[in-house]
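The following exercises are to be solved with the sequence and the structure at hand. Each task is followed by a solution in steps.

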Amino acid sequence: MGSGPRGALSLLLLLLAPPSRQAAVCPAPCRCAGTRVDCARRGLTWASLPAAFPPDTTELVLTGNNLTALPPGLLDALPMLRAVHLGANPWRCDCRLVPLRAWLAGRPERALYRDLRCAAPPALRGRLLPYLAEEELRAVCAPGALCWGALAAQLVLLGLGLLHALLLALLLRRLRRLRARAAHRLSLTAPLVAELAGTSES
């Protein structure tokens, strides 16, 4: 690590990083041979897919399962990965496939991924996943809990902003009243002060 602020920041980020969830052993129900992990034709779905794979995996076979998407970051967590076999899965081409599409876009070899076709939704059925635009995938998703949560947060912020403006208006009104009272009291006491000043001079 470098010295100075950048080195300190790197060390801090390293210390605060969550522990790795990568598996050190071959995950069930897959078979492993060296750095090749074979999970082909195991009936795997999004829910039953292993949460992590050995960190030294270079080849991952997920062919012939019931995968509609992959968990975000699953492939990014494998730095040695050179090839993933993803064919013969019923991919649902929506916003959950954006991370996989981004991962595929960063691969130098495309031949392995030419047969990845969308099985759903009907508007994208048969289309090649690597050639879909990210906007096409995002457009398929209906507003979900995250969108509603963001809308609720914005409405709360708007409400707080309006409350802040109301309190500020009340405070300004109160200050004007206090200033008017002070001016009125000053106008009442000014003749007395002048009278006292006149009597003291004489």
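**Exercise 1.** Determine whether Trp46 is buried, partly exposed or exposed, and describe its surroundings.

*Solution.* The model is predicted, and every value below is computed from it.
Step 1. The relative accessibility of Trp46 is 31%. Buried requires under 20% and exposed over 50%, so Trp46 counts as partly exposed.
Step 2. Trp46 belongs to the loop between β2 (36–38) and β3.
Step 3. With residues up to four places away in sequence not counted, Trp46 touches Leu67, Ala69, Leu70, Pro71, Pro72 and Arg96.
Step 4. One of these contacts is Arg96, which lies over the face of Trp46 at 4.4 Å from the ring centre.

**Exercise 2.** Pro72 is in contact with Trp46. Classify Pro72 by its accessibility and locate it in the chain.

*Solution.*
Step 1. Pro72 has its place in the loop between β3 and β4.
Step 2. Its relative accessibility is 60%, so Pro72 counts as exposed.
Step 3. Apart from neighbours within four places in sequence, Pro72 is in contact with Trp46 and Pro99.
Step 4. Pro72 and Leu100 are 28 residues apart in sequence, while their C-alpha atoms are 7.6 Å apart in space.

**Exercise 3.** Which polar contacts does the side chain of Asn65 make with the backbone? Describe also the setting of Asn65.

*Solution.*
Step 1. Asn65 is found in the loop between β3 and β4. Its relative accessible area is 3%, and therefore Asn65 is buried.
Step 2. A polar contact requires N or O atoms within 3.5 Å. The side chain of Asn65 reaches the backbone nitrogen of Arg42 at 2.9 Å and the backbone oxygen of Leu62 at 3.0 Å.
Step 3. Beyond four places in sequence, the residues that Asn65 touches include Cys39, Gly43, Leu44 and Asn89.
Step 4. Asn65 and Trp46 are 19 residues apart in sequence, with a C-alpha to C-alpha distance of 9.9 Å.

**Exercise 4.** Asn65 touches Asn89. Is Asn89 buried or exposed?

*Solution.*
Step 1. The loop between β4 (83–85) and β5 (91–92) holds Asn89.
Step 2. The relative accessibility of Asn89 is 7%, so Asn89 counts as buried.
Step 3. A polar atom of the Asn89 side chain lies 3.3 Å from the backbone oxygen of Gly87.
Step 4. Leaving aside neighbours within four places in sequence, Asn89 is in contact with several residues, among them Leu62, Asn65 and Arg117.

**Exercise 5.** In what order do the strands of the open sheet stand, and which are its edge strands?

*Solution.*
Step 1. The order of the four strands is β1-β2-β3-β4, and the pairing is mixed.
Step 2. The edge strands are β1 (31–33) and β4, each of which pairs on one side only.
Step 3. From one strand to the next, the twist averages 10°.
Step 4. Strands β3 (residues 59–61) and β4 run parallel and are joined by three bridges. Glu59 stands opposite Ala83 in β4.

**Exercise 6.** How many aromatic pairs are there, and what is the geometry?

*Solution.*
Step 1. The count comes to one aromatic pair.
Step 2. Trp103 and Tyr113 form this pair, with 6.1 Å from centre to centre and 80° between the planes. Planes over 60 degrees apart count as edge-to-face, and the pair is edge-to-face.
Step 3. Trp103 lies in helix α2 (residues 98–105) and Tyr113 in the loop between α2 and β6 (118–120), so the pair ties together parts that are 10 residues apart in sequence.
Step 4. Trp103 counts as buried at 9% relative accessibility, and Tyr113 counts as buried at 2%.
Step 5. The buried residues of α2 are Val98, Leu100, Trp103 and Leu104. They pack against β4, β5 and α3 (134–140).

**Exercise 7.** Where are the cis peptide bonds from Ala28 and from Ala120 placed, and what are the omega values?

*Solution.*
Step 1. Most peptide bonds are trans.
Step 2. The bond that joins Ala28 and Pro29 is cis, with omega about 5°. Pro29 is found in the loop between α1 (4–16) and β1.
Step 3. The bond from Ala120 to Pro121 is also cis, with omega near -5°. Pro121 is found in the loop between β6 and α3.

Key: Residues numbered from 1 in each chain as written. Predicted model: local features only at pLDDT ≥ 70, side-chain atom pairs only at ≥ 80, totals over all residues. Heavy atoms only, no water. Helix = DSSP H or I, 4+ residues; strand = E, 2+ residues; numbered from the N terminus. Buried < 20%, exposed > 50% of the residue type's maximum accessible area, 1.4 Å probe, protein only. Polar contact = N/O pair within 3.5 Å; in protein donor to acceptor, adjacent residues only side chain to side chain. Contact = heavy atoms within 4.5 Å. Pairing = 2+ DSSP bridges. Axes fitted to C-alpha atoms, helices over the stretch in contact; angles between N-to-C directions. Phe/Tyr/Trp six-rings, centres within 6.5 Å; stacked < 30°, edge-to-face > 60°. Lys NZ or Arg CZ within 6 Å of the ring centre and 35° of its normal.
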